[in-house]
Amino acid sequence: MNKTPIKITHVIIALTLIIVGVVGAVTPYSFNWLSTTFFGSASLLIIFGYRQFKGMMKPMERPFFGDWQCYYYCRSLSKGE
């Protein structure tokens, strides 16, 4: 991925969106889980732009996925689940 310059105004807007998302998540509405997802994604889109956001949201590659499965299995064993 290429380096993207981050502007302070974008960070302030993104933090505001994240706060709105968290407040929306704790309210007793039926779509409160969607609030955090939507506003978090919107803040990433504002800060990094569409091209970088698309690169972040692409599927993981196979070797990393295998490591993730091993980590999840070991975590489950340590917790006794």
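This section describes a helix and its surface, an aromatic pair, the cysteines and one contact between distant residues in a predicted model.

Helix H3 comprises 18 residues, spanning positions 62–79. The distance from its first C-alpha to its last is 26 Å, close to the 26 Å expected at 1.5 Å a residue. The residue that follows H3 is Gly-80, for which phi is positive, with a value near 80 degrees.

A nonpolar patch on the surface is formed by Met-60, Phe-64, Trp-68, Tyr-71 and Tyr-72. Together, these residues contribute about 600 Å² of accessible area. Trp-68, one of the members of the patch, is located in helix H3. The relative accessible area of Trp-68 is 41%, so this residue is classed as partly exposed, given that the partly exposed class lies between the limits of 20% and 50%.

The search for disulfides covered the whole structure and returned 0. A disulfide is a covalent bond between the sulfur atoms of two cysteines. For Cys-70, the closest cysteine sulfur belongs to Cys-74 and lies at 4.2 Å, which is too far for a bond. The converse also holds: the closest cysteine sulfur to that of Cys-74 is in Cys-70, at 4.2 Å. The criterion applied here requires the two sulfur atoms to be within 2.5 Å, and the separation of 4.2 Å therefore does not qualify as a bond. With regard to solvent accessibility, Cys-70 is partly exposed, at a relative accessible area of 45%. Cys-74 is likewise partly exposed, with a corresponding value of 41%.

Aromatic pairing is represented by 1 pair in the structure. The pair consists of Phe-38 and Phe-39, whose ring centres are 5.2 Å apart. The planes of the two rings meet at 75 degrees, and the arrangement is therefore edge-to-face, a category assigned to planes over 60 degrees apart. The two members of the pair fall into separate accessibility classes. Phe-38 has a relative accessibility of 53% and therefore counts as exposed, the threshold for that class being over 50%. Phe-39, by contrast, has a relative accessible area of 21% and is partly exposed; the buried class is reserved for values under 20%.

A further feature involves helix H1, which covers residues 8–26 and contains Ile-13. The C-alpha atom of Ile-13 is separated by 8.0 Å from that of Ile-46, although the two residues are 33 residues apart along the chain. Ile-13 has a relative accessibility of 42% and accordingly counts as partly exposed.

Terms used
Residues are numbered from 1 along each chain as its sequence is written. This is a predicted model: local features need pLDDT of at least 70, side-chain atom pairs count only at pLDDT 80 or more; totals for chains, interfaces and linings use all residues. Side-chain values use heavy atoms; hydrogens and water are left out. Helices (H or I, at least four residues) and strands (E, at least two) are DSSP runs, numbered from the N terminus. The expected span of a helix is 1.5 Å times one less than its number of residues. Rings of Phe, Tyr and Trp (its six-membered ring) pair if their centres lie within 6.5 Å; planes under 30 degrees apart count as stacked, over 60 as edge-to-face and the rest as tilted. Buried means under 20% relative accessible area, exposed over 50%, partly exposed in between (1.4 Å probe, protein chains only). Patches are made of residues with over 30% relative accessible area and no salt bridge: like charges are joined within 9 Å, nonpolar side chains (Val, Leu, Ile, Met, Phe, Trp, Tyr) within 5 Å. Accessible areas come from the Shrake-Rupley method with a 1.4 Å probe; for residues, only the protein chains shown count as cover. A salt bridge is a side-chain nitrogen of Lys or Arg within 4 Å of a carboxyl oxygen of Asp or Glu.
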